[in-house]
Amino acid sequence: MRRLRNVKIVATLGPASNDYDTIRALHEAGADVFRLNMSHGSHDEIRERHRTIRQIEKDMDSPIAILADLQGPKLRVGVFANDAEELEEGAAFRLDLDPAAGDITRVCLPHPEIFAALEPGARLLVNDGKIRLIVQDCGQDFAHCTVEVGGTISNRKGVNVPDVVLPLAALSAKDRDDLEFVCQLGVDWLALSFVQRAKDVFEARALADGRASILSKIEKPAAVEAFDDILDASDGIMVARGDLGVELPVSAVPPIQKRLVRKCRTAAKPVIVATQMLESMIESPMPTRAEVSDVATAIYEGTDAIMLSAESAAGSYPIEAVQTMNKVAIEVEADPTYTQIIAASRTAKGTTIADGIVAAAREIAEKTDIKAICCFTQSGTTALLTARERPGVPIIAMTPATGTARRLCLSWGCHCVMTPELERFKGAVVSAARAARSAGFASETDQIVVTAGVPFNVPGTTNILRIAPCDERLIYNTDPG
């Protein structure tokens with residue numbers, strides 16, 4: 001299915017988008033990737049959503065990526081005898097390991113690893129930061145705090161600890177079970193929640209064992225600090241602005257977002273900007289102007305993908321939310337300013353033959369009347385390098401590997417086409433010309449750029465660039481072999 005924009009759209013599935021007709025309508029409206037949130041839904045529900053997506057993929061002959069988002073360790077307080085208490089600013093409040101019901105003076109925090117890492121002066125943020133506690137004194141099983149910002153604290157509210165790196169694995173026991181389950185199902189991407197260091201990514205990669213690509217969610221200050229190492233260890237990144245905006249000043253999030261997107265692009269790894277992009281569309285058929293500007297900003301920054309969470313999973317207008325994102329993306333990418341920003345932010349990186357080939361392909365395509373860049377790719381690397389260039393013409397990623405085609409659905413500008421394994425370059429050029437014509441990117445009188453590697457079907461061998469006509473008769477008359 002041809003899109004009229006380059007940035008990709010990720011839509012989360014849930015109660016509002018749980019059946020074949022709705023999921024298909026979401027794909028037709030513009031969703032390129034479907035997110036399965038492992039924090040919600042049973043394995044049976046997740047299995048059925050996965051089956052439905054794959055059926056739509058088959059029915060529409062259109063590769064679709066599936067991203068399974070693991071829950072990660074959730075830190076929560078215990079319960080209160082009165083279900084809730086009102087904490088006053090300046091009051092003393094204790095957190096401890098005592099499982100007894102809490103009151104106005106204390107509550108259980110059943111996470112000894114937090115107490116082991118705390119130091120006086122550290123902040124504890126409860127209920128998405130609505131309540132702020134400052135640690136005055138702490139030990140292995142308690143923390144005496146002062147209420148800096150008061151409010152209502154109630155049963156099992158979440159706790160954020162922004163000032164310390166917690167001795168927590170990014171994968172809980174539930175995450176390990178979920179990871180194995182979705183890898184056996186056949187998802188394309190695994191999103192890791194609350195990553196703090198590269199070690200967390202290595203652990204997940206070992207468990208996935210090549211069955212899915214690893215995408216790290218950046219939602220903790222520690223992850224921002226260790227971002228370069230995390231990016232090196234990951235296949236992709238999600239800038240998850242929800243928890244990031246709780247643990248850091250909200251004013252710090254936009255520049256962090258811009259910086260991380262740039263680094264991902266330089267590394268040729270896809271990046272998603274997520275959380276509250278069209279939040280008002282959970283209940284309204286129209287977004288706010290601020291939300292539209294937020295979506296547009298992420299696109300201007302050059303992100304690979306933008307994501308809907310509750311808007312498509314539980315909202316009243318899931319299809320309209322995808323349509324809105326699609327329209328905003330088309331409008332932004334048609335703006336000459338967008339082209340200027342993307343070109344100005346292009347950074348040269350790499351000295352391999354493949355780096356040179358894709359850079360040359362982009363420059364030739366933009367300086368001549370070329371309609372598309374067709375890259376043959378086994379592992380997806382050549383397509384990712386081409387996407388890093390952000391060319392002004394469409395990228396047609398041609399691959400015999402179903403998994404590669406699906407994973408590339410997350411990457412900027414990649415129109416993925418399945419092709420049989422090829423042995424001769426002339427056959428590759430003919431296949432590229434046919435793909436460009438059938439998808440409507442070019443006519444018989446147009447030309448395309450074709451990149452490939454010889455020998456074929458070997459990852460990492462990109463070494464050919466060919467300017468090819470879309471008229472097959474001319475290909476057969478002019479191409480050797």
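In this predicted model, Ile134 of strand β8 stands opposite Thr146 in strand β9. Ile134 also has a partner in strand β7, where Arg123 stands opposite it. Strand β8 therefore pairs with both β7 and β9, and the points below begin with these three strands before turning to the whole chain, strand β2 and a few single residues.

**Strands β7, β8 and β9**

- Strand β7 covers residues 123–126 and strand β8 covers residues 131–139.
- The pairing of β7 with β8 is antiparallel and runs over four bridges.
- These two strands make a hairpin, with four residues between them.
- Asn127 lies in the turn of that hairpin and has a positive phi of about 60°.
- Strand β9, residues 142–149, is joined to β8 by seven bridges, and the two run antiparallel.
- A hairpin is formed by β8 and β9 as well, here with two residues between the strands.

**The chain as a whole**

- The chain contains 18 helices and 21 strands.
- Its radius of gyration is 24 Å, close to the 23 Å that the globule rule gives for 481 residues, so the chain is as compact as a globular protein of that length.
- Along the principal axes, the C-alpha atoms fill a box of roughly 85 × 45 × 45 Å.
- Of the 481 residues in the chain, 56% are buried.
- Among contacts with a separation of 6 or more, 67% are between residues 24 or more positions apart.
- The exposed area of the chain is about 19,600 Å², and 51% of it comes from carbon and sulfur atoms.
- The chain has 52 positive and 65 negative charges, and the mean positions of the two sets are 6 Å apart.

**Strand β2, an enclosed strand**

- Strand β2 spans residues 33–37, and five of its five residues are buried, so the strand is largely enclosed by the rest of the structure.
- In a regular strand, side chains alternate between the two faces of the sheet.
- On one side of β2 are Val33, Arg35 and Asn37, and on the other are Phe34 and Leu36.
- Both faces are covered, and the residues on each side are all buried.
- Strand β1, residues 8–13, runs parallel to β2 and is joined to it by four bridges.
- Within this pair, Leu13 stands opposite Leu36 in β2.

**Residues with positive phi in loops**

- Asp83 is not a glycine, yet it has a positive phi of about 70°.
- The loop that holds Asp83 lies between β3 (65–69) and β4 (84–87).
- Asp83 counts as partly exposed because its relative accessibility is 48%, and the partly exposed range runs from 20% to 50%.
- Ala268, which is not a glycine either, has a positive phi of about 60°.
- Ala268 sits in the loop between α9 (253–266) and β15 (271–274).
- With a relative accessibility of 11%, Ala268 counts as buried, the cut-off being under 20%.

**Thr324 in helix α12**

- Thr324 belongs to helix α12, which covers residues 318–333.
- The relative accessibility of Thr324 is 15%, so this residue counts as buried.
- Apart from neighbours within four places in sequence, Thr324 is in contact with Leu278, Met281 and Pro287.

Terms used
Residues numbered from 1 in each chain as written. Predicted model: local features only at pLDDT ≥ 70, side-chain atom pairs only at ≥ 80, totals over all residues. Heavy atoms only, no water. Pairing = 2+ DSSP bridges. Rg over C-alpha atoms; globule rule 2.2 N^0.38 Å. Buried < 20%, exposed > 50% of the residue type's maximum accessible area, 1.4 Å probe, protein only. Contact = heavy atoms within 4.5 Å. Areas by Shrake-Rupley, 256 points an atom, 1.4 Å probe, with all protein chains shown as cover. Lys, Arg positive; Asp, Glu negative; His and termini not counted. Charge placed at Lys NZ, Arg CZ, Asp CG, Glu CD.
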